[in-house]
Amino acid sequence: MFTDDPRLPGHVNAPELPQLPERWVGSAPVSLRSLRGRPVLLDFWTAGCINCRHILPDLDRLASAFPSLVVIGVHTGKFAHEKTRAAVVRAAAQFGIAHPVVTDPDGALWQAYAVRAWPTVVLIDPAGKIVGQRSGEGVYGAFRSLIAETAVGGEAFAPIPLAPPTVSGALRFPGGLAFDAATGALWVAETGHHRLLELDAATGRVRRIVGDGEPGLRDGSADDARFRSPHGLLIHGNALIVADTDNHAVRSVDLATGAVTTLTGSGQQATRWDEPGVGRDVKLNSPWDIAPLPDGALVVSMAGFHQLWRLDLATGVAEPWVGSGREALIDGPRRGGPMDGAALAQPSGLVADGGAIYIADAESSAVRRFDADTGMVTTVVGAGLFEFGDVDGV
């Protein structure tokens, strides 16, 4: 369910949040009663949802625009493994969430607020009434004017003490691997540190680091270039191709020099699933992985659009290739209108086997197969958007 107008009459009192310390991540328990006099924005999310990830910059922009606004995440896990406190701590650290999060493992808050989809944002006015609710992306534009009507100006509020979760270890959320047989190098996309590591596959020793470790979209030398949450990697000729996920771009690293260039992607998230383009003029939506095609082109899993795109390296053209743009597990011909043809659900990892592409279809807990010769998408294993793949069988 995705609604456009968030405005509600404001007759309903907002249900209170649980006050058990073990239910909170990033802060001590926060009660709505203690926040009377300030608008509150509740963000219902789950760790595996790409759309939930996409709205985080909007929440940060709203918090910056309205100092009296309090943003609180409500994590209602979709799958069993997402509902543990440890999983929420990890997800909050991975996504860089800098506001309090209350866990909702039994879905009680989800039910109390009549939520039906991830993500859903709920606005509570300073009197504790629900005055807005909306599902889907585009949160900043939808809520800015409504928050402006309720936000208090010129009054100083004590900040909520925060303790954002952190993780330890040699790597921070590595999200992609590629092995270079010619040099014995194992390339790692260190997603959480926005950089790439070239390791000696035999010893694990770091040979080279590409990217200065700060998030950004900047071409240049290995020391100066910047990425933003890179994931999938592919050795392709003399280059390492990078799915630069949060930059909504596909990048290339010269294996000899380490120099980084952008193959496609403007750096802005696209809002339309059916608009091809050329080079840096095209807008992409969370490219997650890359695989080679027999004709020399590349296929890119466009997780944010629930599609596969084709990137022609000779012409620079990037275009929708497989999937209607609808989020679902539907087999059939590769393309159709927005409500027909094959449908994918947050395609992530890719493996090419000749003319076949195998797809880790994350949101449907499925493995899909696209046959380039027949143009058909089939399901190897998996049952649907709400069927978690933890049952053995044929």
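Strands here are DSSP runs of E with at least two residues, numbered from the N terminus. With that in hand, we can take a walk through this structure, which is a predicted model.

**A patch on the surface**

Let's begin with strand β24, which covers residues 376-381 and includes V380. V380 has a relative accessible area of 49%, and since exposed means over 50% and buried means under 20%, it counts as partly exposed. V380 also has company: together with V367 and V381 it makes a nonpolar surface patch of about 220 Å².

**An open sheet of five strands**

Next comes a sheet. Five strands make it up, in the order β15-β19-β18-β17-β16, with antiparallel pairing, and the sheet is open. At its edges sit β15 and β16, each of which pairs on one side only.

Here are the strand pairs, with how many bridges join them:

| Strand pair | Residues | Bridges |
|---|---|---|
| β15 and β19 | 277-278 and 317-322 | two bridges |
| β16 and β17 | 287-292 and 298-302 | five bridges |
| β18 and β19 | 307-311 and 317-322 | four bridges |

You can pick out individual partners too. Starting from the β15 edge, V278 has V317 in β19 as its bridge partner. Further along β19, V322 stands opposite L308. Over in β17, V299 stands opposite A291.

How do β18 and β19 connect? They form a hairpin with five residues between them, and in the turn G316 has a positive phi of about 80 degrees.

**Helices and what they pack against**

Now for the helices. Helix α2 runs over residues 56-65, and its buried residues are L56, D58, L59 and L62. Looking down the axis of α2, you'd see these buried residues fall within an arc of 160 degrees, so they line one face of the helix. Their cover includes the strands β2 (40-45) and β3 (70-75), along with the helices α1 (50-54), α3 (85-95) and α5 (139-150).

Helix α3 has buried residues of its own, namely V88, A91, A92, A93 and F95. They pack against α1 and α2 as well as β1 (24-25), β2, β3 and β4. Just after α3 comes G96, with a positive phi of about 70 degrees.

**Two buried residues up close**

One of the strands that α3 packs against is β4. This strand spans residues 101-103 and is home to T103. Is T103 buried or exposed? It's buried, because its relative accessibility is 4% and the cut-off for buried is under 20%. If you skip its neighbours within four places in sequence, T103 is in contact with E22, R23, V25, H75 and V88. V88 is one of the buried residues of α3.

The other residue to look at is I50, in helix α1. At 2% relative accessibility, I50 also counts as buried. Which residues does I50 contact, once neighbours within four places in sequence are left aside? They are S286, W288, A303, G304, H306 and Q346. W288 falls inside edge strand β16, which covers 287-292, so it's a handy way back to the sheet.Finally, I50 and P215 are 165 residues apart in sequence, and their C-alpha atoms are 19 Å apart in space.

Methods. Residues are numbered from 1 along each chain as its sequence is written. This is a predicted model: local features need pLDDT of at least 70, side-chain atom pairs count only at pLDDT 80 or more; totals for chains, interfaces and linings use all residues. Side-chain values use heavy atoms; hydrogens and water are left out. Patches are made of residues with over 30% relative accessible area and no salt bridge: like charges are joined within 9 Å, nonpolar side chains (Val, Leu, Ile, Met, Phe, Trp, Tyr) within 5 Å. Accessible areas come from the Shrake-Rupley method with a 1.4 Å probe; for residues, only the protein chains shown count as cover. A salt bridge is a side-chain nitrogen of Lys or Arg within 4 Å of a carboxyl oxygen of Asp or Glu. Buried means under 20% relative accessible area, exposed over 50%, partly exposed in between (1.4 Å probe, protein chains only). Two strands pair if DSSP finds at least two bridges between them. The arc is that of the directions from the helix axis to the C-beta atoms. Contact means heavy atoms within 4.5 Å.
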